[in-house]
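Let's take a walk through this one together, picking out a few spots worth a look on your screen. Keep the viewer open as you read.

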Amino acid sequence: MMSTTAQAAPEFKWKMVTTWPKNFPGLGTGANNLAKLINEMTGGRVQVKVYGAKELVGALEIFDAVSRGTAEMGHGASYYWKGKSRAAQFFAAVPFGLTAQEMNSWLYHGGGMELWEEVYAEFGLVPGAAGNTGVQMGGWFNKEINTVDDLKGLKMRMPGLGGEVLKRAGGTPVLLPGGEIFPSLQSGAIDATEWVGPYNDAAFGLHKAAKFYYYPGWHEPGTTLECFVNKEALEALPKDLQVLVRNAIRVANQDMLADFTAKNNRSLEQLVKEQGVQLRKFPDDVLSKLKQLSDEVVAEEAAKDEMTKKVYESFVQFRDQATKWHQVSEQAYLNARNPV
């Protein structure tokens, strides 16, 4: 028999709006997984319904929608909100920045999450890391990239700080939500695009519009996806439910990275062997130049306002110490396991 307490428990019906197409593999299903986790972990006391891009609001309108309370939760990536705060970009991906493991360490144990909360506070939002892609691919191109000059004049879908680096290299960054990428690449409105990696990219059919597939994803080495919650809606929950919602987001963060790691290589092999995709590594001198430009662009961006500077300094300090440790741990081991 159900207890009196359980019978009296309130039920909260929440809406989650996303930047992703409905049920899109990896990212859209990651949002679905988070909603399911919240439903299950709260015993149905909080029920979340997911709305894909354009179902309730446009893909790039979710930040404002959750801020004003149209929906209680949003699922996207913080570099989409550069127009709201330059500092937001650092919580998604920084060119030649932190890997997934390092991002999680910075956020959870290096002061990153406290800074993220500070950035979003003025918008009435509480952020959380809700997934990670790991190191992404460098993107799809309709021509080979042999030198940095090949980037000049290139119209490429690339958001965030990576887009600013592309601009410095002579290209033209274009910000497009996921659902608009394939038709834009197919029509020639853009010459190239980055998205995520083989698992996601194959689902979008990007191999049907471009055949040169480059790696590594220098611009997004450990992209953190986000779930932000309307602060008033979160605080309206009993304390136990607030803790459960926050921890569901944390579980979803870990699960998405595991999902991508499990599925990316299989998808890559299918793209190469069955679809005729031409896999290419960016030349070393191209990567070296992009690293130089990235250092310049990121430092200049950070100097534009005090909040971004504060986040940048924390990010760089953490990256430097993580790099030193990984030289004698992760990097040393991978070099030993896979000697060149």
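A residue counts as exposed when its relative accessible area is over 50%, as buried when that area is under 20%, and as partly exposed in between. Keep in mind that this is a predicted model.

**Two odd backbone angles**

Most residues other than glycine have a negative phi, and most peptide bonds are trans. Against that background, take Lys54, which sits in the loop between strand 2 (46–51) and helix 3 (62–67). Its phi is positive, near 80°, and the residue is not a glycine. Is Lys54 buried or exposed? Lys54 has a relative accessible area of 64%, so it falls in the exposed class.

Asn23 is another non-glycine residue with a positive phi, at about 65°. You'll find Asn23 in the loop between strand 1 (12–18) and helix 2 (28–41). Its relative accessibility is 45%, so Asn23 is classed as partly exposed.

Gly111 follows helix 4 and also has a positive phi, near 90°. Here are the three side by side:

| Residue | Phi |
|---|---|
| Asn23 | about 65° |
| Lys54 | near 80° |
| Gly111 | near 90° |

**Helix 4 and its cover**

Staying with helix 4 (residues 100–109), its buried residues are Ala100, Glu102, Met103, Asn104, Trp106 and Leu107. What lies over them? The cover includes two strands, strand 4 (125–132) and strand 10 (224–230), along with helix 5 (112–121), helix 10 (239–275) and helix 12 (306–327).

**The six-stranded sheet**

Now for the sheet. Six strands form an open sheet with mixed pairing, in the order 7-6-8-5-9-11. At its edges are strand 7 (172–174) and strand 11 (278–281), each of which pairs on one side only. Strand 11 runs parallel to strand 9 (residues 212–215), and four bridges link the two. One residue to click on is Tyr215, whose bridge partner in strand 11 is Lys281.

Tyr215 has another feature to show: the peptide bond joining it to Pro216 is cis, with omega about -5°. Pro216 belongs to the loop between strand 9 and strand 10.

**A buried charge in that loop**

The loop between strand 9 and strand 10 also holds Glu220 and Thr223. How far is Glu220 from the nearest side chain of opposite charge? That side chain is Arg157, 5.4 Å away. Glu220 is buried, yet it has no salt bridge; the cut-off for one is 4 Å, so a distance of 5.4 Å does not qualify.

What Glu220 does have is polar contacts through its side chain. One goes to the side chain of Tyr79, at 3.2 Å, and another to the side chain of Thr223, at 2.6 Å. Setting aside neighbours within four places in sequence, Glu220 is in contact with Tyr79, Ala93, Gly134, Val135, Gln136, Pro159 and Glu194.

Thr223 is at 1% relative accessibility, so it counts as buried. With residues up to four places away in sequence left out, Thr223 touches Tyr79, Ala92, Ala93, Gly131, Asn132, Thr133, Gly134 and Gln136. If you compare the two contact lists, Tyr79, Ala93, Gly134 and Gln136 turn up in both.

Definitions and conventions
Residues are numbered from 1 along each chain as its sequence is written. This is a predicted model: local features need pLDDT of at least 70, side-chain atom pairs count only at pLDDT 80 or more; totals for chains, interfaces and linings use all residues. Side-chain values use heavy atoms; hydrogens and water are left out. Two strands pair if DSSP finds at least two bridges between them. Buried means under 20% relative accessible area, exposed over 50%, partly exposed in between (1.4 Å probe, protein chains only). Contact means heavy atoms within 4.5 Å. Lys and Arg count as positive and Asp and Glu as negative; His and the chain ends are not counted. A polar contact is a pair of N or O atoms within 3.5 Å; within protein, one must be able to donate a hydrogen and the other to accept it, and residues adjacent in sequence count only if both atoms are side-chain atoms.
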